[in-house]
Amino acid sequence: KTPTWTNAIKACPDPQRARHFFDQLATASAGTALQACSAEQARVLAALFSGSPGLSNLLVARLDWLSVLEPELLKFPRHKQGLNKEVSQWLKPLLASSDYGAALTLLREFKQREMLRIAARDLARLGTLSDILQEISDVADVCLDVVWQVCYQQLARRYGKPCHQDSGGRWQPTSGCVLGMGKLGGQELNYSSDVDVLFVYDEEGSVFKKPPAAGETPRPVLTNHQFYNRLAEAFIAEVSRMTPEGALYRIDLRLRPEGDAGPLTRSLAGYENYYAQWGQTWERMMLIKARGVAGDKTLAAEFLELVQPFRYPRSINESVLREVVTMKDRIEHEVLKADE
């Protein structure tokens with residue numbers, strides 16, 4: 001009830017809601033911390049409380065995260081490199097000790113804390129729209145990559161690692177990656193966006209418990225296709241799994257070739273054959289925003305180079321332009337139905 005808080009609450013968009021959450025913080029043993037807040041800190045908290053009940057409840061439950069909302073820390077966006085560095089400090093030792101449950105729990109806390117920070121910057125108008133969208137998308141990239149690493153290591157420990165033979169008959173490791181499409185690919189996620197993904201692996205081959213030597217072909221445990229299908233299934237399940245902290249993200253797989261009827265994963269050659277023979281105009285448009293978000297970055301770059309002639313052909317005929325117009329009309333009619 002000091003002038004600092006009175007002014008902050010009075011100036012925010014929803015004073016009644018802000019006062020409710022300030023009272024909750026005070027009764028949750030945060031009274032001392034609140035009394036020490038500056039006018040700018042009070043303004044930021046009032047903006048958060050009046051703008052997001054969900055994140056306000058989270059802050060009340062996690063008083064230790066108040067330090068994340070220091071105005072000096074909110075002035076500038078966090079970059080992806082810094083987010084990755086923070087995560088790797090606890091991820092590497094947990095992967096080394098195979099403590100996958102702890103890694104995924106810390107990841108969910110990391111995501112919640114970062115979304116709290118980003119929303120505070122957004123609602124207090126400390127960041128531009130482009131900065132906020134970039135930060136939300138960067139957090140998604142980091143989270144998806146961690147889940148991919150955890151799921152890959154779990155499967156590799158159980159079955160072995162996928163490999164394929166090169167032109168010289170030598171066995172090489174087969175990498176995989178996740179491509180982001182739609183808003184994820186365009187780095188324009190909002191707070192409740194689902195994520196559109198595509199799964200790619202390098203080559204067809206086999207999975208062995210131990211990597212075979214040159215000239216050897218021991219009995220495989222799985223094919224590469226089976227391994228990466230199982231990896232994709234585990235990835236989807238973990239990303240969308242509902243926990244007390246909520247799900248990480250909702251996943252949309254309908255942008256893959258053949259939609260829900262198509263296989264979850266394909267090799268580079270499989271995608272090349274599909275797009276060359278059956279690729280449609282909507283798939284050209286969908287691939288415009290594609291980019292690597294998790295897994296092997298080199299493979300993601302190879303995929304984008306592979307589909308470049310399909311995404312941007314040297315020439316297109318008028319029928320393609322008519323298809324684009326038809327799709328645009330359909331989207332607008334579905335969004336704005338009759339009499340609305």
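In this predicted model, one face of the story for helix α10 is what it hides: its buried residues are Asn 224, Phe 227, Tyr 228, Asn 229, Leu 231, Ala 232, Phe 235, Ile 236, Glu 238 and Val 239. The helix runs over residues 224–240, and its 17 residues reach 24 Å from the first C-alpha to the last, close to the 24 Å expected at 1.5 Å a residue.

One of those buried residues, Phe 235, also turns up in the largest nonpolar core. That core has 50 residues, and Phe 235 is among the four that touch the most other members, along with Phe 110, Phe 199 and Tyr 249. At least two core residues come from each of α6 (80–96), α7 (100–123), α8 (129–159), β4 (195–201), α10 and β9 (291–295). The biggest contributor is α8, with 14 residues. As for Phe 235 itself, setting aside neighbours within four places in sequence, it is in contact with Leu 144, Val 147, Trp 148, Cys 151, Val 178, Phe 199 and Ile 251. There is also a second, separate core, this one of 30 residues, which includes Cys 12, Leu 45, Leu 59 and Val 60.

Not everything tucked away is nonpolar, and two charged residues make the point. Asp 141 sits in helix α8 and counts as buried because its relative accessibility is just 1%. Beyond its neighbours within four places in sequence, Asp 141 is in contact with Lys 80, Leu 184, Arg 291 and Val 293. Arg 108, in helix α7, is buried too, since its relative accessible area is 4%. Leaving out residues up to four places away in sequence, Arg 108 touches Glu 238, Arg 241, Thr 243, Glu 245, Gly 246, Ala 247 and Leu 248; of these, Glu 238 is one of the buried residues of α10.

Helix α7 as a whole is mostly covered, with 17 of its 24 residues buried. Its length holds no surprise: the end C-alpha atoms are 34 Å apart, and this agrees with the expected span because 24 residues at 1.5 Å a residue should cover 34 Å.

The loops on either side of α7 are a bit more unusual in their backbone. Most residues other than glycine have a negative phi. Ser 98, however, has a positive phi near 60° without being a glycine; it lies in the loop between α6 and α7 and counts as partly exposed because its relative accessibility is 28%. Arg 125, which follows α7, likewise has a positive phi of about 60° although it is not a glycine. It belongs to the loop between α7 and α8 and is exposed, given a relative accessible area of 76%.

Another loop residue is Pro 220, found between β5 (206–208) and β6 (222–223). At 39% relative accessibility, it counts as partly exposed. Apart from neighbours within four places in sequence, Pro 220 is in contact with Ser 206, Val 207 and Phe 208. Pro 220 and Glu 204 are 16 residues apart in sequence, while their C-alpha atoms are 13 Å apart in space.

Finally, the surface has a nonpolar patch of about 280 Å², made by Met 285, Ile 288 and Tyr 312. Met 285 lies in helix α12 (residues 281–287) and counts as partly exposed, with a relative accessibility of 36%.

Methods
Residues are numbered from 1 along each chain as its sequence is written. This is a predicted model: local features need pLDDT of at least 70, side-chain atom pairs count only at pLDDT 80 or more; totals for chains, interfaces and linings use all residues. Side-chain values use heavy atoms; hydrogens and water are left out. Patches are made of residues with over 30% relative accessible area and no salt bridge: like charges are joined within 9 Å, nonpolar side chains (Val, Leu, Ile, Met, Phe, Trp, Tyr) within 5 Å. Accessible areas come from the Shrake-Rupley method with a 1.4 Å probe; for residues, only the protein chains shown count as cover. A salt bridge is a side-chain nitrogen of Lys or Arg within 4 Å of a carboxyl oxygen of Asp or Glu. Helices (H or I, at least four residues) and strands (E, at least two) are DSSP runs, numbered from the N terminus. Buried means under 20% relative accessible area, exposed over 50%, partly exposed in between (1.4 Å probe, protein chains only). The expected span of a helix is 1.5 Å times one less than its number of residues. A nonpolar core is a set of buried Ala, Val, Leu, Ile, Met, Phe, Trp, Tyr and Cys residues joined through side-chain atoms within 4.5 Å. Contact means heavy atoms within 4.5 Å.
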